[in-house]
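Got your viewer open and a selection box ready? Load the entry below and follow along, one selection at a time.

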Amino acid sequence: VAPDAELYIARVLDDRASGLDGNVLAGIDWAVRNQCSVVSMSLGSPVLVGDPFSEIYEQAAARALAAGTLLIAPAGNESQRPDEIAPVEHPANCPSILAVGAVDQQLRVAPFSNGGLNPGGDVDLVAPGIAIGSTAPHPSLYQTASGTSMAAPFVAGIAALLAEARPRARGAALRDLLLHSALALGAPARDAGAGLVQAPR
Amino acid sequence: MMGRFAFGWDRRGAAAVNRANVAVAVADDARDRIYEVAAVCRAVGLDHTSTLTDIGVLLGSVELDNLLSLRAVPGVVAVEVEREFRLKQYLWGR
């Protein structure tokens with residue numbers, strides 16, 4: 001998506017793709033210290049309807065924004081639409097973290113994609129999240145995968161393109177550019193937020 | 001104040017059912033003295049392991065009985081028990 005972006009990689013999950021808050025917070029702190037403009041973190045922990053967002057993550061994300069670092073996270077995959085919609089999970093449910101839902105090739109909200117059910121825990125944008133080409137462990141090396149974890153990096157990549165095009169747009173200004181340039185899909189804001197993320201022309 | 005998931009294991013992996021790993025948020029107006037806040041947190045029982053200065057967070061573990069004392073330390077605005085994360089891949093799509 002953004003071939004000229006400079007990548008900083010922080011490992012915060014283990015070999016089973018799980019990890020603890022402390023590692024994730026340390027990774028965010030490291031990214032802020034290294035002046036990363038965009039942080040893509042495809043991880044999360046489910047919450048229930050009525051659960052508040054984490055004050056710790058909200059404070060961390062707000063401080064990151066103020067320092068010019070935009071955090072982007074998946075909305076989560078706990079829904080079974082149309083029957084059941086689960087709330088945007090932790091930490092994407094923090095107001096200062098950009099929450100990304102998933103759509104399919106026809107731009108329909110993916111059946112697993114979580115929705116904005118809790119105060120502050122809105123979906124901000126959507127991006128492709130079904131049958132996305134990705135890397136895989138040896139020996140297959142490549143696979144297709146689905147999930148809001150596949151959608152969030154599209155938004156991160158487009159944020160990087162916008163950051164390259166607008167060197168002074170960082171933090172909240174970069175977030176606002178992403179939101180204001182999104183393509184409205186006609187889906188409820190609860191499910192798609194401002195709409196489909198759009199790359200700069 | 002706290003996450004929903006309390007873990008009965010400390011950072012060293014030893015069974016300690018009365019302890020929890022915690023993250024402690026330091027107030028904006030106390031960030032320039034975060035090490036002083038950390039010292040007071042240690043005095044009320046925080047086994048302090050990391051100081052994340054750029055986001056104003058302390059990491060460590062604490063006995064559950066001391067959680068309220070930790071939250072009451074001047075300059076502390078939130079204490080949350082650590083929770084687990086997973087990569088968010090929807091498995092049927094593999």
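The tour starts with the whole chain and then moves through its sheet, a hairpin and a helix.

**Stop 1: all of chain A.** Keep in mind that this is a predicted model. Select chain A and show its C-alpha atoms: they fill a box of roughly 45 × 40 × 35 Å along the principal axes. A compact globule of 201 residues would have a radius of gyration near 17 Å, and chain A comes in at 16 Å, so the two agree. Switch to a surface and you are looking at about 8,800 Å² of exposed area, with carbon and sulfur atoms supplying 54% of it. Of the 201 residues, 54% count as buried.

If you like contact maps, pull one up here. Taking contacts in chain A with a separation of 6 or more, 72% of them link residues 24 or more positions apart.

**Stop 2: cartoon view.** Chain A now shows 5 helices and 8 strands. Trace the chain from the N terminus and you'll pass β-α-β-β-α-β-β-β-β-β-α-α-α.

**Stop 3: the open sheet.** Select S2, S4, S5 and S6 of chain A. These 4 strands form an open sheet in the order S2-S4-S5-S6, with parallel pairing. Which strands sit at the edges? They are S2 (38-40) and S6 (125-128) of chain A, each pairing on one side only. Look along the sheet and you can follow its twist, which averages 35° from one strand to the next.

Now zoom in on residues 98-103 of chain A, which are strand S5; 4 bridges join S5(A) to S6(A), and the two run parallel. To find your place in this pair, label Val103(A), which stands opposite Pro128(A) in S6(A).

**Stop 4: the hairpin.** Next, select residues 132-135 and 142-145 of chain A. These are strands S7 and S8, which run antiparallel and are joined by 4 bridges. Label Thr135(A) as well: its bridge partner in S8(A) is Tyr142(A). How many residues lie between the strands of this hairpin? There are 6 between S7(A) and S8(A), and one residue in the turn to click on is Leu141(A), with a positive phi of about 70°.

**Stop 5: helix H3.** Finish with residues 148-165 of chain A. Helix H3 has 18 residues, and if you put a distance label between its first and last C-alpha you should get 26 Å, close to the 26 Å expected at 1.5 Å a residue. Is H3(A) mostly covered or mostly uncovered? Color by accessibility and the answer is mostly covered, with 14 of the 18 residues buried.

Definitions and conventions. Residues are numbered from 1 along each chain as its sequence is written. Chains are lettered from A and ligands numbered from 1 in the order in which they are written. This is a predicted model: local features need pLDDT of at least 70, side-chain atom pairs count only at pLDDT 80 or more; totals for chains, interfaces and linings use all residues. Side-chain values use heavy atoms; hydrogens and water are left out. The expected span of a helix is 1.5 Å times one less than its number of residues. Buried means under 20% relative accessible area, exposed over 50%, partly exposed in between (1.4 Å probe, protein chains only). Two strands pair if DSSP finds at least two bridges between them. Axes are lines fitted to C-alpha atoms, for helices over the stretch in contact, and angles run from 0 to 180 degrees between N-to-C directions. The radius of gyration is taken over C-alpha atoms; the globule rule is 2.2 Å times the number of residues to the power 0.38. Contact means heavy atoms within 4.5 Å. Accessible areas come from the Shrake-Rupley method with a 1.4 Å probe; for residues, only the protein chains shown count as cover.
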